[in-house]
Structures are given as C-alpha cells and as structure tokens.
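Me: I have a structure open beside its sequence, and I would like to learn how to read its pockets, its rings and one of its loop residues. Could you take me through them in turn?

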Amino acid sequence: MLINHKKRAQQLIAFDGMERRRGITPTDIDGFIDYKGKVFVYIEAKLEGAEFLKGQKLALENVVRSHYKAQHKACSIIFRHNTKPEEIIMAKDQYVEEYYFKFEGKFKWMIPQHQSPTLLQFLDFWEDYCEKEDYNI
C-alpha cells in the first residue's frame with residue numbers, strides 16, 4: 001500500500017471560517033498526477049449517492065481550462081464508490097462516472113459511452129491520448 005502515514009491520512013481537515021470573496025470556500029482534490037509539468041490529472045472520489053457540489057465541479061473545470069491556456073493537457077475524473085468506511089477504497093478498481101477535458105475543440109464533461117472504464121483503464125486511455133497528441137509523458 002502506498003499510504004505512508006495511515007493515521008494521518010484519516011484525519012479530517014475543516015475549512016470552517018475560511019469563506020472567501022463571493023462566498024467561496026476551499027475544496028479538496030482526492031488525487032493528482034503531474035506528468036513532467038506538461039500533462040495533469042485531477043481525481044475526485046464520491047460516495048454513491050453523495051452530491052457533487054457545483055463549486056467543486058467548477059473548480060475542477062477551471063483548473064483544467066487554465067492548464068490548456070498554458071499549452072498543457074489536463075483532465076478531471078470523477079469516480080463513485082460504495083466502499084464501507086472501515087475499508088480502503090482501491091481507486092484503480094473504481095469505475096469512472098465522468099471526465100472533463102477539451103475534446104474536439106470543446107471543454108465538456110463526458111460520461112463513458114458503453115461500459116464505464118475503471119480508473120486505471122481510463123488513465124491508460126488518457127496517457128495514450130496525450131502521447132498521440134505529442135505530449136511526452
């Protein structure tokens with residue numbers, strides 16, 4: 001397992017009292033991959049049935065768009081799980097619900113067409129896609 005400090009990873013972080021201009025508050029990101037500072041992946045995990053807050057989704061959209069402005073590739077991925085609280089969520093095996101990146105000239109959230117790929121399968125697709133676009137990852 002790649003968790004260095006399991007007890008620390010279980011700690012909650014409260015952002016109470018940190019409301020900023022226009023009522024925004026900090027958000028968390030469950031996973032992040034940086035491929036040589038040129039390609040980026042943001043991963044968000046949600047419990048089945050849990051609401052995906054509009055502000056968090058907007059933050060993921062904005063960060064992806066900002067990477068493209070810097071001539072980098074980026075995507076955001078959302079997966080859902082129904083793992084018991086006492087169990088470890090094995091991210092690689094969870095099914096991707098939605099992903100967001102620039103496709104055919106437009107930024108959009110997309111839902112996997114036929115069978116949802118696992119997170120690991122989606123990352124394989126994403127890496128191949130970026131390499132075909134001449135990004136050496």
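Me: What volume does the largest pocket have?

Reply: A pocket volume is a computed quantity, and the model here is a predicted one, so please read each value as a property of that model. The largest pocket has a volume of about 1,400 Å³, and the second largest pocket has a volume of about 230 Å³.

Me: Which residues of the lining of the largest pocket lie nearest its centre?

Reply: A lining can be read from the centre outwards. In this case 36 residues line the largest pocket, and I3, A9, D30, A45 and I89 are those nearest its centre. Turning to secondary structure, at least two lining residues come from each of α1 (6-9), β2 (39-47) and β3 (73-81), and β2 gives the most, with five residues.

Me: How do the residues of the two linings divide into nonpolar, polar and charged?

Reply: The lining of the largest pocket comprises 20 nonpolar, seven polar and nine charged residues. For the second largest pocket, the lining divides into five nonpolar, five polar and no charged residues; its members are I24, T25, P26, T27, L53, G55, Q56, L58, A59 and N62.

Me: How many aromatic pairs are there, and how should I read one?

Reply: Two rings pair if their centres lie within 6.5 Å, and planes under 30 degrees apart count as stacked. By this rule there are 14 aromatic pairs. Y99 and F101 form one that is stacked, with 5.9 Å from centre to centre and 25 degrees between the planes, and both Y99 and F101 are buried. Ring pairs also join Y99 and F101 with F103, F122, F125, W126 and Y129 in a cluster.

Me: Over which ring does the charged end of K57 sit?

Reply: The charged end of K57 sits over the ring of W109, at 4.9 Å from the centre of that ring.

Me: Where is T83 found, and why is T83 classed as buried?

Reply: A loop position and burial are separate readings, and it helps to take them one after the other. T83 is found in the loop between β3 and β4 (96-103). Since buried means under 20% relative accessible area, T83 is classed as buried because its relative accessible area is 17%.

Me: With which residues is T83 in contact, once its neighbours within four places in sequence are left aside?

Reply: With those neighbours set aside, T83 is in contact with I88, I89 and Q94; I89 is also one of the residues nearest the centre of the largest pocket.

Definitions and conventions:
Residues are numbered from 1 along each chain as its sequence is written. This is a predicted model: local features need pLDDT of at least 70, side-chain atom pairs count only at pLDDT 80 or more; totals for chains, interfaces and linings use all residues. Side-chain values use heavy atoms; hydrogens and water are left out. Rings of Phe, Tyr and Trp (its six-membered ring) pair if their centres lie within 6.5 Å; planes under 30 degrees apart count as stacked, over 60 as edge-to-face and the rest as tilted. Buried means under 20% relative accessible area, exposed over 50%, partly exposed in between (1.4 Å probe, protein chains only). A charge sits over a ring if NZ of Lys or CZ of Arg is within 6 Å of the ring centre and within 35 degrees of the ring normal. On a 1 Å grid over the protein atoms alone, a cavity is a set of points where a 1.4 Å probe fits but cannot get out, and a pocket is an open set with protein on both sides within 12 Å along at least five of seven lines; lining residues have an atom within 4 Å of a point. Grid points are joined across faces, edges and corners, and a volume is the space filled by probe spheres set on the points. Helices (H or I, at least four residues) and strands (E, at least two) are DSSP runs, numbered from the N terminus. Ala, Val, Leu, Ile, Met, Phe, Trp, Tyr, Cys and Pro count as nonpolar, Asp, Glu, Lys and Arg as charged, and the others, Gly among them, as polar. Contact means heavy atoms within 4.5 Å.
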